[in-house]
Structures are given as C-alpha cells and as structure tokens.
Amino acid sequence: MRARTLAAALVAALTAALCLAAPAEAAPALQFTYARYDSPGTDTGSNKSVNGEYVTIRNTTNRTVNLRGYVLHDAPSAANRSKGRKWNYAYTFGSYSLAAGKSVTVYTGTGSAGSTSRYWGYKRYVWNNDGDTATLRSPGGSVVDSCVWRSKGSGSTRC
C-alpha cells in the first residue's frame with residue numbers, strides 16, 4: 001500500500017514538473033498593436049483619407065531594433081497567389097531604428113517621416129476593409145508578426 005502511495009505521489013510530482021518546465025512561447029521583438037484598415041468617413045482618395053489607413057508596430061524589447069530591410073506587406077490577392085507572389089503591396093523600411101518599448105505607425109499615403117511615423121507613399125488604399133493580413137518580415141524573409149482581420153467590423157482592430 002505504501003509503495004502505491006509513493007508511486008502515485010512520484011507520478012504526480014513528475015507530471016507537475018513537466019508541465020511547469022514547458023517553455024512559454026516568446027512574444028516577437030516587433031509586434032503589431034493596432035491596424036486602422038478602413039479610413040474614417042467617405043473614401044475620397046485624398047492623401048488625408050489614404051493616411052486614415054495605418055498600422056502600428058511596437059518594439060517589445062529593452063533594446064533599440066534596426067528595421068532596415070524589414071518588409072511590411074498585405075495578403076496577396078488570389079491572382080497574385082497563383083503567380084507565387086507573397087503580397088500585393090509592400091513597404092520596406094530604410095535606415096530606421098525603433099527605440100526600446102516605442103512604437104512606429106506606418107501610414108499608407110505620403111508625409112514627412114519622423115521618429116514614430118513612416119509613410120508608405122501610395123496614392124490609393126492598401127488594406128482591404130472586408131479582410132486582410134498585415135505581415136512584418138525580417139530582412140531574411142522570416143515572418144516576425146501578423147495582424148489579421150476577417151470582416152469590416154469597426155474599421156480597426158487591436159492586434
């Protein structure tokens with residue numbers, strides 16, 4: 001009887017230890033926090049309206065991250081997928097570093113870049129209102145993070 005109790009206690013202890021030892025999935029160093037995929041108001045095509053679309057990316061680390069060569073892109077259309085393309089529109093970061101714990105907002109239209117803002121330079125809307133995926137890739141092409149929306153909803157989403 002004593003051996004069974006001891007064996008059961010040992011099994012319970014080992015099970016608990018294995019559960020505690022399982023590694024947690026680490027958050028990406030760069031993470032989408034917000035996407036405004038539907039510009040507020042009527043889509044007029046003006047730069048102000050196009051800049052109503054944007055995504056925000058946060059540096060979750062305690063160090064500055066150099067984003068040179070990182071690519072932000074949307075999901076490819078069916079036609080582009082059939083051609084092997086990974087996106088319809090892409091923004092490649094130039095010489096830009098994001099400080100620890102800070103965020104950068106990438107606007108679809110044109111404007112003057114600053115320490116917390118970048119501009120894609122398009123004169124038309126990039127994000128599909130009824131569903132799309134914003135993806136950030138490292139210079140080597142690995143997916144760093146994605147933000148997905150499947151329906152129009154409110155026109156924005158927290159990622």
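**Exercise 1. A pair of strands and its hairpin**

Task: Starting from D132, whose bridge partner in strand 10 is W149, describe how strand 9 and strand 10 are joined and which way they run.

Solution.
Step 1. The model is a predicted one, and residues are numbered from 1 along the chain.
Step 2. D132 pairs with W149, a residue of strand 10.
Step 3. Strand 9 and strand 10 are antiparallel and are joined by six bridges.
Step 4. Five residues stand between the two strands of this hairpin, where G141 has a positive phi near 100°.

**Exercise 2. A proline in the loop**

Task: Where does P139 lie, is P139 buried or exposed, and which residues does P139 touch beyond four places in sequence?

Solution.
Step 1. P139 belongs to the loop between strand 9 and strand 10.
Step 2. The relative accessibility of P139 is 53%, so P139 counts as exposed; the cut-off for this class is over 50%.
Step 3. Setting aside residues up to four places away in sequence, P139 touches R68, G69 and Y70.
Step 4. For P139 and R68, the C-alpha atoms are 7.5 Å apart in space, while the two residues are 71 apart in sequence.

**Exercise 3. The whole chain**

Task: How many helices and strands does the protein have, and in what pattern do they follow one another?

Solution.
Step 1. The count is three helices and eleven strands.
Step 2. Along the sequence the pattern reads α-β-α-β-β-β-α-β-β-β-β-β-β-β.
Step 3. Of the 159 residues, 35% are buried.
Step 4. The exposed area is about 9400 Å², with 53% of it supplied by carbon and sulfur atoms.
Step 5. Among contacts with a separation of 6 or more, 59% are between residues 24 or more positions apart.

**Exercise 4. Two residues of strand 2**

Task: For N59 and T56, both in strand 2, decide whether each is buried or exposed and find the polar contacts of their side chains.

Solution.
Step 1. Strand 2 covers residues 54–59, and N59 is part of it. T56 is found in strand 2 too.
Step 2. The relative accessibility of N59 is 0%, so N59 counts as buried. For T56 the value is 13%, and T56 therefore counts as buried. The limit applied in both cases is under 20%.
Step 3. The side chain of N59 has a polar contact of 2.7 Å with the side chain of T61. The N59 side chain also reaches the backbone oxygen of A99, at 3.2 Å.
Step 4. The side chain of T56 forms a polar contact with that of T105, at 3.1 Å.
Step 5. Leaving out residues up to four places away in sequence, the residues touched by N59 include A29, L30, L98 and A99. With the same exclusion, T56 touches Q31, F32, T33, Y34, S103, V104 and T105.

**Exercise 5. A residue of strand 1**

Task: Is R36 buried or exposed, and which residues does R36 touch beyond four places in sequence?

Solution.
Step 1. R36 lies in strand 1.
Step 2. R36 has a relative accessibility of 18% and therefore counts as buried.
Step 3. Not counting residues up to four places away in sequence, R36 touches G52, E53, Y54, W127, S154, G155 and S156.
Step 4. The C-alpha atoms of R36 and N51 are separated by 9.7 Å, with the residues 15 apart along the chain.

**Exercise 6. Aromatic rings**

Task: How many aromatic pairs does the protein have, and why is the pair of Y91 and F93 edge-to-face?

Solution.
Step 1. The count is eleven aromatic pairs.
Step 2. The ring centres of Y91 and F93 are 5.0 Å apart and the planes stand at 85°, so this pair is edge-to-face. The class requires an angle over 60 degrees.
Step 3. Y91 and F93 are both buried.
Step 4. Ring pairs link these two with Y37, Y89, Y96, W120, Y122, W127 and W149 into a cluster.

**Exercise 7. The largest nonpolar core**

Task: Which residues of the largest nonpolar core touch the most other members, and which strand supplies the largest share?

Solution.
Step 1. The core has 25 residues, of which L72, F93, W120 and W127 touch the most other members.
Step 2. At least two core residues come from each of strand 1 (30–36), strand 2, strand 7 (103–107), strand 9 (132–137) and strand 10 (143–149).
Step 3. Strand 1 gives the largest share, three residues.
Step 4. Apart from neighbours within four places in sequence, F93 is in contact with I57, L67, R68, G69, Y70, V106, R118 and L136.

Methods:
This is a predicted model: local features need pLDDT of at least 70, side-chain atom pairs count only at pLDDT 80 or more; totals for chains, interfaces and linings use all residues. Side-chain values use heavy atoms; hydrogens and water are left out. Helices (H or I, at least four residues) and strands (E, at least two) are DSSP runs, numbered from the N terminus. Buried means under 20% relative accessible area, exposed over 50%, partly exposed in between (1.4 Å probe, protein chains only). Contact means heavy atoms within 4.5 Å. Accessible areas come from the Shrake-Rupley method with a 1.4 Å probe; for residues, only the protein chains shown count as cover. Rings of Phe, Tyr and Trp (its six-membered ring) pair if their centres lie within 6.5 Å; planes under 30 degrees apart count as stacked, over 60 as edge-to-face and the rest as tilted. A polar contact is a pair of N or O atoms within 3.5 Å; within protein, one must be able to donate a hydrogen and the other to accept it, and residues adjacent in sequence count only if both atoms are side-chain atoms. A nonpolar core is a set of buried Ala, Val, Leu, Ile, Met, Phe, Trp, Tyr and Cys residues joined through side-chain atoms within 4.5 Å. Two strands pair if DSSP finds at least two bridges between them.
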